[in-house]
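Visitor: I would like a close look at a single part of this protein, namely its main nonpolar core and what surrounds it. Please take me through it carefully.

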Amino acid sequence: MIGKGFGIIEKGGWTVESIVSKVLDHLDIKILDLLQKDARISNLELSKRVNLSAPAVHARIKRLEAEGYIQEHVAILSHEKLGFDLLCFVFMSTNMHQAEKLESLEKTLKSMKEVLECHCLTGEYDYLLKVACKDRKGLEMFIRKLNELGITKIQTSLALREIKDSTVLPIQD
């Protein structure tokens with residue numbers, strides 16, 4: 001079983017939330033694997049590779065999108081070719097504990113164009129950011145913005161080179 005969803009059932013005037021399991025079959029997994037490796041693949045090519053008709057593949061893709069297995073179709077750009085020479089990992093801590101303040105902080109972090117990824121952590125730091133900047137001055141300006149948000153501790157590490165960068169989940173055996 002790959003995923004679970006929630007369904008609403010009404011019984012005698014009461015609304016009851018129940019867990020509804022959705023099992024992905026081997027064709028769904030194959031389609032997802034092929035799409036994550038090449039989002040530009042045509043339905044016709046997909047249909048040949050999974051041995052289904054193009055309309056059946058299209059219907060499966062629409063269902064997988066509707067059920068949330070496929071979140072987006074994107075183009076992955078080259079940082080270097082576009083002049084983003086600094087890829088940084090920023091560890092942050094904050095003394096904020098009120099839910100409203102944390103939600104506001106996270107909303108602000110989501111809106112910052114330099115932030116590629118933001119993760120809430122356990123351990124010494126509260127957040128880990130993956131940040132792309134064009135140069136040191138851009139990084140300095142970004143850190144100043146973080147300081148204005150009430151961050152109590154910041155540790156920045158610069159990536160010297162990328163060894164592996166992948167969005168492919170290991171869903172195929």
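Guide: What follows begins with the confidence of the model, then turns to the core, and ends with the cysteines. The model is a predicted one, and its protein chain has an average pLDDT of 88, with 87% of the residues scoring at least 70. That confidence is highest in strand β5, residues 127-133, where the mean is 98, and lowest in strand β2, residues 14-22, where the mean is 42. Over residues 1-11 the pLDDT is below 50, although the model gives this stretch 31 contacts beyond near neighbours in sequence. Residues 14-21 also have a pLDDT below 50, and there the model has 23 contacts beyond near neighbours in sequence.

The largest nonpolar core is made up of 17 residues, and those with the most contacts inside it are Val90, Met92, Leu109, Leu129, Val131, Phe142 and Leu146. At least two residues of this core come from each of β3 (86-94), α4 (99-111), β5 and α5 (136-148). Met92 gives a view of the surroundings: when residues up to four places away in sequence are not counted, Met92 touches Leu109, Leu129 and Leu146, and also Tyr125, Asp126, Tyr127, Ile151 and Lys153. Separate from this core is a second one of 14 residues, which includes Ile31, Leu34, Leu35 and Ile61.

Ser93 is also worth a look, and this residue lies in strand β3. With a relative accessible area of 9%, Ser93 counts as buried, because buried means under 20%. Once its neighbours within four places in sequence are left aside, the contacts of Ser93 are with Glu124, Tyr125 and Asp126 and with Ile151, Thr152 and Lys153. Tyr125, Asp126, Ile151 and Lys153 are thus among the residues touched by Met92 and are also in contact with Ser93.

The cysteines come last. The structure holds 0 disulfides, and Cys118 is in none, with the nearest cysteine sulfur, that of Cys120, 7.8 Å away. Since a disulfide needs the two sulfur atoms within 2.5 Å, a separation of 7.8 Å leaves Cys120 out of any disulfide too, its nearest cysteine sulfur being that of Cys118. As for accessibility, Cys118 counts as partly exposed at 33%, whereas Cys120, at 61%, counts as exposed because the value is over 50%.

Conventions
Residues numbered from 1 in each chain as written. Predicted model: local features only at pLDDT ≥ 70, side-chain atom pairs only at ≥ 80, totals over all residues. Heavy atoms only, no water. pLDDT = per-residue confidence, 0-100. Helix = DSSP H or I, 4+ residues; strand = E, 2+ residues; numbered from the N terminus. Contact = heavy atoms within 4.5 Å. Core = buried A, V, L, I, M, F, W, Y, C linked by side-chain atoms within 4.5 Å. Buried < 20%, exposed > 50% of the residue type's maximum accessible area, 1.4 Å probe, protein only.
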